[in-house]
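Trainee: I would like a close look at one part of this model, with enough of its surroundings to see how that part fits in. Please take me through it in one connected account.

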Amino acid sequence: MSDYRRLYVPGGLYFFTVVAYRRQPIFADIQRVALLRQALQEVKCKRPFDITAAVILPDHLHCLWLLPEGDFDYSTRWQMIKTAFSRRVSASVKKGGAKTIWQPRFFEHCIRDESDFNKHLDYIHYNPVKHGLALSPGEWPHSSFQRFVDAGFYPASWGCALAADIADLDCE
């Protein structure tokens, strides 16, 4: 068993990948995407954090979170989100209980600098294209991409071709 240790930085900006159990496409159903959003909002009210960017794909999600100054506990937040979502999902999805909805762990990466932020932001927004779910990031409905277009961060046509700087970035 590995001796993996998570990096906890108070007020840190983190990239996360969270995956459904055995990559089941639980978020292919728009109602379950809504349930996930409800779970996120519920936890944000109890333990605040900012979702800087996010994409929800059928079997996993990626997001960037900014934690409040002095707070580093993203693990409890993910546990609460997974639990809140699992309680909302119908019994037919759970099949063997809540443990069959999520993989038990998640991937996290503490963002180091602006370049690292930009690479992970691009990765998040390009992910639906990478997985063949959309021809461009703007076509995918469960993403923060349009918010970044509206803010002038990306042109609307961004991501119609693979960006060279994210071609080698693998965060799944």
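Mentor: Happily; I will set the scene and then turn to helix 4.

This is a predicted model, in which local features need pLDDT of at least 70 and side-chain atom pairs count only at pLDDT 80 or more, while totals for chains, interfaces and linings use all residues. Residues are numbered from 1 along each chain as its sequence is written, and side-chain values use heavy atoms, with hydrogens and water left out.

The chain has five helices and four strands, arranged along the sequence as β-α-β-β-α-α-β-α-α. Here helices (H or I, at least four residues) and strands (E, at least two) are DSSP runs, numbered from the N terminus. Buried residues, meaning those under 20% relative accessible area (exposed is over 50%, partly exposed in between, with a 1.4 Å probe and protein chains only), account for 46% of the chain's 172 residues.

Now for the sheet that helix 4 lies against. Its four strands run in the order 2-3-1-4 as an open, antiparallel sheet, where two strands pair if DSSP finds at least two bridges between them. At the edges sit strand 2 (50–56) and strand 4 (107–110), each of which pairs on one side only. From one strand to the next the twist averages 15°. Strand 1 (residues 13–19) joins strand 4 in antiparallel pairing through four bridges, and Tyr14 has Cys110 of strand 4 as its bridge partner.

Two helices that pack on this sheet are helix 2 and helix 4. Helix 2 (residues 74–88) touches strand 1, strand 3 (60–66) and strand 4, and its direction makes about 140° with that of strand 3. Helix 4 (residues 114–130) touches strand 1, strand 2, strand 3 and strand 4, at about 150° to the direction of strand 3. Contact means heavy atoms within 4.5 Å; axes are lines fitted to C-alpha atoms, for helices over the stretch in contact, and angles run from 0 to 180 degrees between N-to-C directions.

Let us follow helix 4 from its start. Asp113 caps the N-terminal end, with a side-chain oxygen 3.2 Å from the backbone nitrogen of Ser115. The 17 residues of helix 4 should span 24 Å at 1.5 Å a residue, and its end C-alpha atoms are 23 Å apart, which agrees; the expected span is 1.5 Å times one less than the number of residues. Further along, helix 4 has a kink of about 35° at Ile124, shortly before the proline Pro128. That bend is the angle between axes fitted to the seven residues ending there and the seven starting there. After helix 4 comes Gly132, with a positive phi near 75°.

How enclosed is helix 4? Of its 17 residues, 12 are buried, so helix 4 is largely enclosed by the rest of the structure. Among the buried ones are Phe117, Leu121, Tyr123, Ile124 and Pro128, along with polar residues such as Asp116, His120 and Asn127. Their cover includes strand 1, strand 2, strand 3, strand 4 and also helix 5 (145–150).

One last stop is strand 3, which helix 4 touches and where His60 is found. His60 counts as buried because its relative accessibility is 1%. The side chain of His60 makes polar contacts with those of Arg23, at 3.1 Å, and His62, at 3.2 Å. A polar contact is a pair of N or O atoms within 3.5 Å; within protein, one must be able to donate a hydrogen and the other to accept it, and residues adjacent in sequence count only if both atoms are side-chain atoms.
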